[in-house]
There are 4 protein chains.
Amino acid sequence: MESKRRGILERLNAGEVVVGDGGYVMQLERRGYVKAGHWTPEAAVEHPEAVRQLHREFLRAGANVLQTFTFYCSEDKLDISGNVTNITGAQINEAACDLAREVANEGDALVAGGVSQTPCYVESHSETEVKAIFKKQMDDFLKKDIDFFMAEYFEHVEEAVWAVEVLKTSGKPVGATLCISPQGDMEGVPPGECAVRLVKAGADIVGINCHLDPLICIRTVKLMKAGLEKAGLKAHLMIQPLGFHTPECNHTGYLSLPEFPFALETRAMTRWDIHQYAREAYNAGIRYIGGCCGFEPYHIRAIAEEMAAETGVLPPASEKHGLWGAALEMHTKPWVRARSRREYWEKLLPASGRPKCPSMATPADE
Amino acid sequence: MESKRRGILERLNAGEVVVGDGGYVMQLERRGYVKAGHWTPEAAVEHPEAVRQLHREFLRAGANVLQTFTFYCSEDKLDISGNVTNITGAQINEAACDLAREVANEGDALVAGGVSQTPCYVESHSETEVKAIFKKQMDDFLKKDIDFFMAEYFEHVEEAVWAVEVLKTSGKPVGATLCISPQGDMEGVPPGECAVRLVKAGADIVGINCHLDPLICIRTVKLMKAGLEKAGLKAHLMIQPLGFHTPECNHTGYLSLPEFPFALETRAMTRWDIHQYAREAYNAGIRYIGGCCGFEPYHIRAIAEEMAAETGVLPPASEKHGLWGAALEMHTKPWVRARSRREYWEKLLPASGRPKCPSMATPADE
Amino acid sequence: MESKRRGILERLNAGEVVVGDGGYVMQLERRGYVKAGHWTPEAAVEHPEAVRQLHREFLRAGANVLQTFTFYCSEDKLDISGNVTNITGAQINEAACDLAREVANEGDALVAGGVSQTPCYVESHSETEVKAIFKKQMDDFLKKDIDFFMAEYFEHVEEAVWAVEVLKTSGKPVGATLCISPQGDMEGVPPGECAVRLVKAGADIVGINCHLDPLICIRTVKLMKAGLEKAGLKAHLMIQPLGFHTPECNHTGYLSLPEFPFALETRAMTRWDIHQYAREAYNAGIRYIGGCCGFEPYHIRAIAEEMAAETGVLPPASEKHGLWGAALEMHTKPWVRARSRREYWEKLLPASGRPKCPSMATPADE
Amino acid sequence: MESKRRGILERLNAGEVVVGDGGYVMQLERRGYVKAGHWTPEAAVEHPEAVRQLHREFLRAGANVLQTFTFYCSEDKLDISGNVTNITGAQINEAACDLAREVANEGDALVAGGVSQTPCYVESHSETEVKAIFKKQMDDFLKKDIDFFMAEYFEHVEEAVWAVEVLKTSGKPVGATLCISPQGDMEGVPPGECAVRLVKAGADIVGINCHLDPLICIRTVKLMKAGLEKAGLKAHLMIQPLGFHTPECNHTGYLSLPEFPFALETRAMTRWDIHQYAREAYNAGIRYIGGCCGFEPYHIRAIAEEMAAETGVLPPASEKHGLWGAALEMHTKPWVRARSRREYWEKLLPASGRPKCPSMATPADE
C-alpha cells in the first residue's frame, strides 16, 4: 500500500472509486457502547478501544475513508440526549479525530470530520445560532489532523447549506449528504434542487445517506445528478444508504417502520445484496460508495470486492473471504460445497424463518 | 463486582443462573477475521485485538463465562482447513487462553477451554487417535489458567463421551454439549440416552449447542433432562443455541438451509426473541444459558437483562440500554416514543422487507 | 320488489347506487364451460343452464345489472380462438341476451349488452373495419330486449371511442370502461384524458374494469373524474375491478403476473376486502360498483351488503348470510363463535398457508 | 361412455380409480344458497336448480360419484341450526336423492347417500338414540334410488362405527370417512385403530375427509392402511381432503384457523396442487380420490386429468381445458404463451399479493 495519502478530490477527480465506511451508532449499540434513542458518541472518550476496533474492521474491509465517530455531537444535541457524563462535545470530537486518524494511518485511508443536523435548527430556524454550532464543531476538528469534512444526515437542505457554508471556510473539501427520499426534503424541495443548492453553497461532493435502502437511495442520487446536469453544475456523487430493506417506506424512511430500531434484523441485507447495490451505484455514476446504519464490516468488504474489477485491489479482509463463497468448496457437506459459486448466491431468495410475520409493514407515517 | 471468582460448579450448585457468551466464528467472519468454510481460529494469534474486543463485548453484555476462541482447533482440522499460516494449534490454543483470561479478569467471569469434534472421528472411528487429539489440546490449555472445560459441537455422542473421558483426567469440571436435534445424534441415539452417556462419562454439565434455534434446542434439552431423571442421574443443564430462526430444519440443522452460511441475516433473532428464549430456558430448568452462532453481544445482554429478576444484577452494557426500549421515551418522533415499552416489542411481528422471498425454505436434507 | 324497471340513467341520475355483477369467464372456466386462453362465450349456446345459473347467483347476490355473456364475441376474435364449434357470433350474442333477460326479469335487474376490444383494432387500426364489427354486434343485441350498452375491456381509448360512437347510434345509454392503470392507456393517454374523450364520444357512464385490483382501479377512476371536472364535463362513474390482489402490477396488469391465469387463488379477495372496496369506491363518488374476473357471487353480495346503508335493501342471498359473520354465533367451537362480529374480520390478516411462496411476484413486464 | 352402471365395489375391486366429487356446502355458501355457521342443506328443496347445477359441474369435471347434498341433515342438527323453514329432514333427504340421481344418470356416475355426525352423539352418547337418527335418514334414502352409503365427517370413531352398523343393514355397500388428523380421533384413538374398528363394523371403504389439507390427509390414510395390514384386514381406501393449505393445523383442523370460514381464499389450492395430491394419493394405494370443502369443479377436473393415465379417459370438462395450460399457446402476450407447459406450472411458487399478511397462522387450539 502506498504511504503518501492522496486527497479525496484528487482521487475522485481521477475517476477512482472511493469506498466509504459503514454505520457506527447502530453497530456500537449492538456491541454495547451506544444508547439507542440517544445515539450519541461519548464512547469515543469512554471506550476508545471499541471505536478503534470498529474503525479497524472497516479499514480491513476496504474503506478508503474513515468518518470520525461524532454523530449528533453538537452540544445542544448532547444536552437533550441526557448527557450526564459531563463529557463535552469538544472532548468527544477531539478524541474521535484521534481515533480515526490513528487507524486510517494503519492503511491508506482518509479521515472525514463529520457533522450532522442539530436540534437547534428545528427549534430556532436561526441561521446565526445554527452556524455557530457548526463553527464550534469545525474548530474542534481543525485542532486535529483530518482530511476533509462531511456534513451528513440532514432532513432539511437549508440546514445542510448552512453547514456547507461554514465548513467551506476551513479551506478543506466538503461533502454533503441528505437523508431524504426521492420525494425531496422535509420542506418538499426536490432532490435535484437540493443538489443544486448544496453545490452552489460550495459542496464538492453531494449525495444521500441513511433513512432508506440502497436501491431507493440510488434513485434519489440519480435525481440529484439530473438536477445538477440541468443546472450545468458539476460535483462528485456519493451514497451511504441503510443496510436494511425498506421497500414500503415513504418520506420519513425507516424511522416510521414498526421495527425501528430494535427489530430490524430481518430486514438486514446480505453481502450479495451489497454486490448488486455497489454495481448499480457505480453504473449510476456514483464513485463514493459506502453505507450507513446496518452496514457492518462485511458489507463494506462486499463493496470493495464488487469494485475490485475497477480498483484492481482486494481489501485486507478478503484474505478471510472466498470471493462469491469460493471457500465453501472444502465443506464436508456436498450441498454446501455446491454453494461455492456466484450463480448460487445471486439467485438465492433467502427465507425469513418467520412464517407468522408479514413481509411488509405499514409505516407510521402512512 | 466481587473479586474472588467462584467456580462454575459452585455457582450452579448454588442454583445460580450462569450467562454464557455468544458465537465467535460467525461474528468474527463478519468482522473480517475468520474464513467461512474453514471456520478456524488462527485470528487468536494473527489479530488478538479483534478477539479481545469481542470477548470484552460479551463480558460487558453480562457473560459469566468466556470460552476460549479455539473452535475446530485440532491439528487435523487445521490441516484440512488449509492452514497455510504455519501457526500451530498449540500456538492458537495458548494465545486464545491468554486472551480469554485477560478479559475475564476485567470482570468476574470464568474461562472455559473449548474443544470440538474432529475430522479424525468420522474418518477413523479410532478411540485411541481421537483421544490423543483431545489430550493434546487439553495439555495446551493446562499450561494456561482456565477454570473448566467445555466439549461442544459434537454430532456423535460417542465422540463427545471420548472427549469428556479425556478432559475429566484434568481434575477440572467438564461441560458437554451436542449439536443435535430432538431426533437424536447422527447415529439416532435419542437425546435422553445421549445425556445419560455423557454424565456417566463424567460430564458435570450437559446440554445442546448450535445447529438449531432456541426453542427447538430447549425441546432437546428437555428430552435430555427427562432421560437423566429416568436414569436417576443428576447433572446441570446448559444451552447455547443458534441466534437464527430455523423452524423448518430437520436433523442436520442450519447447515441444510439454503441460506447457510452467507444469507442468514433475515433469520436473525431480535433481542426480544432472546428475552422469550431465556425465560423459557429458565423455566425448563436450564441454568447455564448462552448462545452460539448468531448470538451477538446484544443478544447476550438480553439474556442477562431477562435474568436480572433472578440474578439481581444488570450487566455493564445495560448502562447503554433502556430496558424494553425505555430510552426511546426521548425520541423526537411521537410514534417512536410510543415504542418505549415492553408490550410493544413483545407483540411486534417484524416484517422482512423482502416480499419476493419465502418465509420458509426447503432444507437440503429433506 | 317493484315490477316496472327504471332505466340505468334514471337510477344514476337519482343518485342511487347500482350494483354491478361479477366476472363470468374466469368463474365459468372453473365450472368447466369456458376455455382459458380462448376465453370465448360459446357456452351461452352450448350450456345455457350454466350461464343462466351464474346470472341467477349474481342476481340473488344483489346485482342490479346483468351483463350479457358476450365477452370477446366478435367474429374475428372467435376465429382466432379456434372456434371449431360452428356456432356464430350472432348465435351467441342472441342466446346470451335471452339468458340475461330471462334472469333479470326474475328480479328488478337491467340487461347490459356488452362489447369488448377486437383483434382487428391492433391489426388494422382501421376505424371502418373496427366500427363495422361493433355495428354487427350491436345489431345482434338490438334484435333482443336489452336496456343499455356496455363497452368494456379496452386497452386503447381510441378503440373504445369508436365503440361508443357506434353504440350511441342505437339511442340507448352507453357505458364504457377501460382496462388501464393509473399510468394511462397503452398509448400513454392519461386516465383523465381518456375519460374526456369517451364522454365527448357520447358515453353516459365511464370508468375502469379488469386488469388491476380494486384499490388501484379506484385511483384510476379518481384520475378520470378529475379529468372530467377539469374539462367541465359530467358523466356517471363506474368500476368493475379484479377480485385479486395485484399490488406489484405495472401497466399491463395481472396478465403479467406469473400466476395468471391458473394460480391466482392465493390472491383472491375475501368478502371483507370487498366491503372496504365498496365503501372506498362510494366515497370516491362512484355509484356503479361491480366486479370483473375473480368476483364470485359472494363478492357481489358483499358490495350489496356494504351499500345496504345507502340502498336500504339487502339482497336475496343475504337470507343465507349473517352480516359480518353474525351466523357464527351458534357455532359449537367457542373460538369460532368469537368471530361473529365485524371487528374480528376487519382486523384479520389472513395467512396463505404457503410458507415456501413469496408474497409478491415479479411481473413479466418489469 | 358405457350405459350400464357398475357398482362402487365392482369398480374398486377391479382396481379402478374412482374420482369423487368436491365440496358442496362451502361452494353453495359462496353461490348464495347455504348459510355459513348453519351449513344445512335445505337448498335441495328451496333452490334445486343451484344444487343440480353444482352436481352437473362435478359430473362434467369427471366425478364418478355424486354424493347427495344431505350434509348435517339429521333432524336434531336442523333444529339446532335454526331451521325456521319448516322443511323437514325427510323432505331434504328425498329431494337431494332425486337431484343426485337425475344428474348422475346424465353420465355414468353413482349416487352415494351421505350421513354425517350428529349433535346427539356428543350430548347423549346414547347408542340407541344416535342409531335411531341414522336409521331414519337411511330409510329416507332407501325410498330413493341410491347406489351406496357414505358415512362421513365423524370426529369420533365410535359414532362412525354406529353409523356403519346401521347403514350395513341396508345391504348396500358402505364407505366411512373420519375428519381426523394423524394424531387420531377426538378420544385419541389412532388412525390405524379407527380403520380397524370401521372395517370390523362392516365398512367396505374407509378413509379421511375434510378438516386438513391433502398431504396431511394422505399421511392419515397411510396410518389407517398400516393399521389394517397389521390387523390382517382388507378394505378399499378413500380420501376427500380440504382444498386449502393447512400446514400449521393441529388436531382440530381448519376450524381452529383464524381464517375459518370467511377468509380462507388465500389458502386455496391451485389445480396444479391437486395434480400433485392425486398422484401422491394414488401412489399411497388410495383409489377413491375426491375432495371436500374448497374443492371446486376445476379441482375435481384436475384429479380426473392426473388420473387419465390410469383411467384412459378425460372428463367432459376437459374439452374446455388445455392440459397443463396447453391452450395458452395462442395467447397474445409472449410471456403468457411461455406458460403453456407442465414444467412452468409445476415449478411456480404463487405469490399471495398480500405482503402485510403472514404465511402461517396460530391455530386457536395451540
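Select G202(D) in this predicted model. G202(D) comes just after helix α10(D) and takes a positive phi of about 120 degrees.

Step back along chain D and select residues 191-201, which make up α10. Is this helix mostly covered or mostly open? It is mostly covered, with eight of its 11 residues buried. Colour the buried ones: P191(D), G192(D), C194(D), A195(D), V196(D), L198(D), V199(D) and A201(D). To see what they pack against, add four elements of chain D: α9 (157-168), β5 (174-178), β6 (205-209) and α11 (214-230).

Keep β6(D) on screen and add β7, residues 236-240 of chain D. These two strands run parallel and are joined by five bridges. One pair to label is V206(D) with its bridge partner in β7(D), L237(D).

Now show the whole sheet of chain D. What is the order of its strands? Across the sheet they read β1-β8-β7-β6-β5-β4-β3-β2. The sheet is open, has eight strands and pairs in the parallel sense. Pick out β1 (18-19) and β2 (65-67) of chain D, which stand at the edges. Each has a single partner strand, so one side of each is left without a neighbour in the sheet. Strands of a sheet pair through backbone hydrogen bonds, either parallel or antiparallel.

Move to chain B and select β4, residues 148-154. How many residues of this strand are buried? The count is seven of seven. Add β3 (residues 110-116) of chain B, which pairs with β4(B) in the parallel sense over five bridges. Here G114(B) stands opposite M150(B). Then add β5 (residues 174-178) of chain B, which pairs with β4(B), again in the parallel sense, over four bridges. F154(B) has L178(B) in β5(B) as its bridge partner.

Next, display chains A and B together. The contact takes 82 residues from chain A and 82 residues from chain B. About 7100 Å² is buried between these two chains, and carbon and sulfur atoms give 56% of that area. On the side of chain A, select F262(A), K320(A) and R354(A): they supply 11% of the area that chain A buries against chain B, more than any other three residues.

The interface of chain A and chain B holds 12 salt bridges. One to zoom in on joins E155(B) to K333(A), where the closest N and O atoms are 3.9 Å apart. There are also 37 residue pairs in polar contact across the interface of chain A and chain B. Which elements give two or more residues to the side of chain A that touches chain B? They are α2 (25-31), α4 (48-61), α12 (271-283), α13 (297-306), α15 (334-337) and α16 (342-347) of chain A. Of these, α4(A) gives the most, with six residues. By class, this side of chain A has 37 nonpolar, 19 polar and 26 charged residues.

Finish with chains B and C. Nine residues of chain B are in contact with nine of chain C. The area buried between them is about 680 Å², with 48% from carbon and sulfur atoms. Select P355(B), K356(B) and M360(B), the residues of chain B that lose the most area to chain C; together they account for 66% of what that side buries. Zero salt bridges are found across the interface of chain B and chain C, while six residue pairs are in polar contact. The side of chain B that touches chain C has five nonpolar, two polar and two charged residues.

Key
Residues are numbered from 1 along each chain as its sequence is written. Chains are lettered from A and ligands numbered from 1 in the order in which they are written. This is a predicted model: local features need pLDDT of at least 70, side-chain atom pairs count only at pLDDT 80 or more; totals for chains, interfaces and linings use all residues. Side-chain values use heavy atoms; hydrogens and water are left out. Buried means under 20% relative accessible area, exposed over 50%, partly exposed in between (1.4 Å probe, protein chains only). Contact means heavy atoms within 4.5 Å. Buried area is the accessible area (1.4 Å probe) that two parts lose on being put together, summed over both. A salt bridge is a side-chain nitrogen of Lys or Arg within 4 Å of a carboxyl oxygen of Asp or Glu. A polar contact is a pair of N or O atoms within 3.5 Å; within protein, one must be able to donate a hydrogen and the other to accept it, and residues adjacent in sequence count only if both atoms are side-chain atoms. Ala, Val, Leu, Ile, Met, Phe, Trp, Tyr, Cys and Pro count as nonpolar, Asp, Glu, Lys and Arg as charged, and the others, Gly among them, as polar. Two strands pair if DSSP finds at least two bridges between them.
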